[in-house]
Amino acid sequence: MHSRSLSRRDILKGSALLGAGLGFAGALAQPPPSRKGLGVGLDLARPFLRIPPVVRPDGLVLRCAPGVVDLGVGQPARCLAYNGLLPGPTMLARRGETATIALRNDLPEETITHWHGMVVDTPNDGGPQLHVMPGETYNYQFPIIQRACLNFYHPHTHLRTGYQVNMGMAGGFIVRDAEEDALRLPSGRYEVPLVIRDASVDANGDLIYNAGSSGFVGDFSLVNGQRFPRLLVDRGFYRFRIVNGANARVFRLALSNGGTFSVIGNDGGLLERAVTLSEVVIANGERLDVLIDLSSVRLGDRVFLRCLDANWNLVEFFGTGQPGQLYQIPGTLSTVERLQGPATVTRLFSFDGMSRINGRRWEMGRIDFQVPLGVVERWRFETGGNAPHPVHVHGASFQVVSRSGGRGQVFPWEAGWKDTVLLLDRENVEVFVRFDGYRGEYVMHCHKLEHEDMGMMSSFVVV
Ligand code: C2O
Ligand code: CU
Ligand code: CU
């Protein structure tokens, strides 16, 4: 462990930096504009979508502690939070920078934070073999070596991941680079992070974790920590950076007006070309970067972002009638190197029951296989049932090659670079993966957090 205790001075320095991060140029959307002149039809009981503060992970202190938040359900909710927020602050860094983050554990139990999607070395990966004891601090320091993307930080605590995430610990981690800057995508208040999950509360309104063996199934949705919030929208394009931060729920997103999403990116950053769809599926642990044209939403019009599977309204877009930012989507967004077969190694991973991969439960210290650095391999994911199993790999991104059985296709939002792919019952999914970052120990696992905690995870070493 590289833990050391943090002095009071360090904590103060960290919070000053956190404050400084709020005014960072190029920050994401900040609180909504004035409601003046919006007239009737604005039901003031609905909470406004909360935009988590943007912070630079540059000397940042990230404090894990019990907290109290407003979920927009009428009473304060006890939860676990990063820096008192649910979701935690949005980290924003550029490729080439170095992230330094002190994780301070003020929970009454162990924790560790993983930067899902970040390519970092083993001591910085925050896997379940690491832990920070209550009252201690873990210091992360890693260079940002990957392209622009949206990642997802959350606890990865041995046996306690499902609980700690469900109680509120999660946040977005945005990486920017010059390639993305050149596209001049909708920005400022037109770039909006949406961390979507489900939740349940007890009679006091406090978050409760009552997972069954097939995973946690919450009673209602939270978007950026609130139930069915409202975003005031101008007549223009919006860029939504979506994380499915649920423990186990898959969302099937659609717009109530039949409008379309242009998917421009996913887990590992930009796609080569935008794809326009009226429905997108996002499994827990996956991310989407979508543009939505709201230029036809007039003053007082409402459009809902919905989940068709749960039949929930997730967010209300309420028109201000004001002119927004128009955007012409370029024909080519990026170039994506195609990982080439034939791969000399094919590995089979069977997701069995609710707690095993290839018949075995995860055990701390057991290494199941070794992967050579810099070599393309074919990994095949299968299941005997109990899906959805969103399969997630640490340490590298992969490319989805095929899906047979079940839904029988690779979906347009699964193009490009991925680190999580949805495996449903009877499906076989093949990916090409190449570990280019670091040698060291990593895990791959089912991102249904209850399955992960029960042992549906495997450790491997990149050599
Ligand atoms: Cu999002 Cu290994 O986790
Ligand atoms: Cu991860
Ligand atoms: Cu699973």
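## Copper site, pocket and two strand neighbourhoods

The copper ion (ligand 3) is held by three protein donors, H389 (ND1), C446 (SG) and H451 (ND1), which sit 2.0 to 2.2 Å from the metal. Keep in mind that this is a predicted model. Along the sequence, the donor residues of the copper ion (ligand 3) follow the spacing H-x56-C-x4-H. So much for spacing; what about burial? Both C446 and H451 are buried, meaning that each has under 20% relative accessible area.

Next, the largest pocket. Its space comes to about 440 Å³. A set of 21 residues lines the largest pocket, and those nearest its centre are Q146, R147, S397, W417 and D436. How does the lining divide by residue type? It splits into 6 nonpolar, 7 polar and 8 charged residues.

Now for the strands. One open sheet has 5 strands in the order 24-31-30-26-28, and its pairing is mixed. Strand 24 (369–371) and strand 28 (420–423) are the edge strands: each has a single partner strand, so one side of each has no neighbour in the sheet. Going from one strand to the next, the twist averages 25°. At one edge, strand 24 pairs with strand 31 (residues 457–462) in the parallel sense, over 3 bridges. Here F369 sits opposite F460 of strand 31.

Strand 16 (residues 261–266) is another one to look at. Why is strand 16 described as largely enclosed by the rest of the structure? Because 6 of its 6 residues are buried. Strand 16 pairs with strand 17 (residues 269–277) in the antiparallel sense, over 5 bridges, and a hairpin of 2 residues links strand 16 to strand 17. In that pairing, F261 has L277 of strand 17 as its bridge partner. Strand 16 also pairs with strand 19 (residues 287–293), again in the antiparallel sense, over 3 bridges. There, G265 stands opposite D289 of strand 19.

Here are the strand pairings side by side:

| Strand pair | Sense | Bridges |
|---|---|---|
| Strand 24 and strand 31 | parallel | 3 bridges |
| Strand 16 and strand 17 | antiparallel | 5 bridges |
| Strand 16 and strand 19 | antiparallel | 3 bridges |

To find your way around the model, you could start at the copper ion (ligand 3) with H389, C446 and H451, then go to W417 and D436, which are among the residues nearest the centre of the largest pocket. From there, try the edge strands 24 and 28 of the open sheet, and finish at strand 16, with its buried residues.

Conventions:
Residues numbered from 1 in each chain as written. Chains lettered and ligands numbered in written order. Predicted model: local features only at pLDDT ≥ 70, side-chain atom pairs only at ≥ 80, totals over all residues. Heavy atoms only, no water. Donors = N, O, S within 2.8 Å, 3.2 Å for Na, K, Ca; no water. Buried < 20%, exposed > 50% of the residue type's maximum accessible area, 1.4 Å probe, protein only. 1 Å grid on protein atoms, 1.4 Å probe; cavity = no way out; pocket = protein on both sides within 12 Å on 5 of 7 lines; lining within 4 Å. Points joined across faces, edges and corners; volume = space filled by probe spheres on them. Nonpolar A, V, L, I, M, F, W, Y, C, P; charged D, E, K, R; others polar. Pairing = 2+ DSSP bridges. Helix = DSSP H or I, 4+ residues; strand = E, 2+ residues; numbered from the N terminus. Axes fitted to C-alpha atoms, helices over the stretch in contact; angles between N-to-C directions.
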